[in-house]
Every structure is written in structure tokens, then in C-alpha cells.
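Work through these exercises with the structure open beside you. Try each task before you read its solution.

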Amino acid sequence: MTDRLEYGATEDRTMPAIVYALYLLAFATGVTVIVGLILAYAQQGSAGPKLRTHYTFLIRTFWMGIAWCVAGGLLFVVGLPLSFVLVGIPLLMLSWAIWALVGIWYAIRCIVGVIYLARDEAYPRPYAWLA
């Protein structure tokens, strides 16, 4: 028996499905995405070629989402004290817009990933910024 699966072979999709579920459940809990990230990192090395693309995609989704949330948070922190003199209100609005767009982007990426996983296909562009 070989260590690696051939590209056409069927791999067990249970663990990436759990990771996608944890990512989507983060909308309600906020913390399950961390558990999903840890699982994705733990499973990535032993996954076959198809599932490795999903794990790479999930890991990148987390880190890109965090980067944009931090950018929105910095705008919020700068805009909050400036809002007392009305100059920071556009910064506050921009930070909320960034957070909203990141939430939509994150949900779309997870749903598209689940669709590819359900079709038993590799994620075609795991390093892309968009879904």
C-alpha cells in the first residue's frame, strides 16, 4: 500500500467538511474558526492532493480574513477618538464597511469551498484572493 493517494482516487472528505463547518459556525460563535484552523494545519501534511488544496484554501482564508479585520480594527481605533470632532466618522464608517465586506467574502469563500468538496473536486485556485 502506498502512502500517497493517486490524484483520481477518492479521499475521505469528512475532516475538511468539519473544518468548513467550523469556519461557518464562527459566524455564531466567533471562536470555532480557531479550532478549524488548527485542524486544517494538522491535516494538511497527511492529506492527499485534492484535499490539500482545500486545507491550503482554508488556511489562507483565515489569514487573509484576519488581515482585513485588523485593518478595519486599526481604522476603528483611529476613527473613534477623532469622531468626537466629527473627522473620524468616515473612518468609523469605512471600518464597518471593511468588516461587513470581509464577512461576506468569508462566507462566499467557505460556501464555494464546500461546493467543490461536495463535488469531490480539488479547489481550483487555493492561492487566489477571491472565491
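**Exercise 1.** Which residues is Tyr23 in contact with, leaving aside its neighbours within four places in sequence?

*Solution.* This model is predicted. Start at Tyr23 and skip its neighbours within four places in sequence. Tyr23 is then in contact with Val33, Gly36 and Leu37. Next come Leu58, Ile59, Thr61 and Phe62. Finish the list with Tyr106 and Cys110.

**Exercise 2.** Find the residues of the largest nonpolar core that touch the most other members, and name the elements that give two or more residues to this core.

*Solution.* Step one: the core has 23 residues. Step two: Val19, Tyr23, Val33, Tyr55, Leu58 and Tyr106 touch the most other members. Step three: H1, helix H2 (32–44), H3 and H4 each give two or more residues to this core.

**Exercise 3.** Describe the largest pocket: its space, its lining and the kinds of residue there.

*Solution.* Begin with the space, which is about 260 Å³. The lining has 13 residues, and Ala26, Val33, Ile66, Cys69 and Tyr106 are the closest to the centre of the pocket. Two or more lining residues come from each of helix H1 (14–29), helix H3 (49–82) and helix H4 (89–118). H3 provides the largest share, five residues. Now sort the lining by kind: nine residues are nonpolar, four are polar and none is charged.

**Exercise 4.** Is Thr53 buried or exposed? Then list its contacts.

*Solution.* Locate Thr53 in helix H3. Its relative accessible area is 16%. Buried means under 20%, so Thr53 is buried. Now look at its side chain: a polar atom there lies 2.5 Å from the backbone oxygen of Lys50. Leaving aside neighbours within four places in sequence, Thr53 is in contact with Ala122, Tyr123 and Pro126.

**Exercise 5.** Repeat the steps for Thr56: is this residue buried or exposed, and what does Thr56 touch?

*Solution.* Thr56 also has its place in helix H3. Its relative accessibility is 9%. The cut-off is again under 20%, so Thr56 counts as buried. Not counting residues up to four places away in sequence, Thr56 touches Gln44, Pro126 and Tyr127.

**Exercise 6.** Is Val31 buried or exposed? How many Å separate the C-alpha atoms of Val31 and Arg52?

*Solution.* Val31 lies in the loop between H1 and H2. Its relative accessible area is 56%. Exposed means over 50%, so Val31 is exposed. Arg52 is 21 residues apart from Val31 along the chain, and their C-alpha atoms are separated by 23 Å.

Technical notes. Residues numbered from 1 in each chain as written. Predicted model: local features only at pLDDT ≥ 70, side-chain atom pairs only at ≥ 80, totals over all residues. Heavy atoms only, no water. 1 Å grid on protein atoms, 1.4 Å probe; cavity = no way out; pocket = protein on both sides within 12 Å on 5 of 7 lines; lining within 4 Å. Points joined across faces, edges and corners; volume = space filled by probe spheres on them. Helix = DSSP H or I, 4+ residues; strand = E, 2+ residues; numbered from the N terminus. Nonpolar A, V, L, I, M, F, W, Y, C, P; charged D, E, K, R; others polar. Core = buried A, V, L, I, M, F, W, Y, C linked by side-chain atoms within 4.5 Å. Buried < 20%, exposed > 50% of the residue type's maximum accessible area, 1.4 Å probe, protein only. Contact = heavy atoms within 4.5 Å. Polar contact = N/O pair within 3.5 Å; in protein donor to acceptor, adjacent residues only side chain to side chain.
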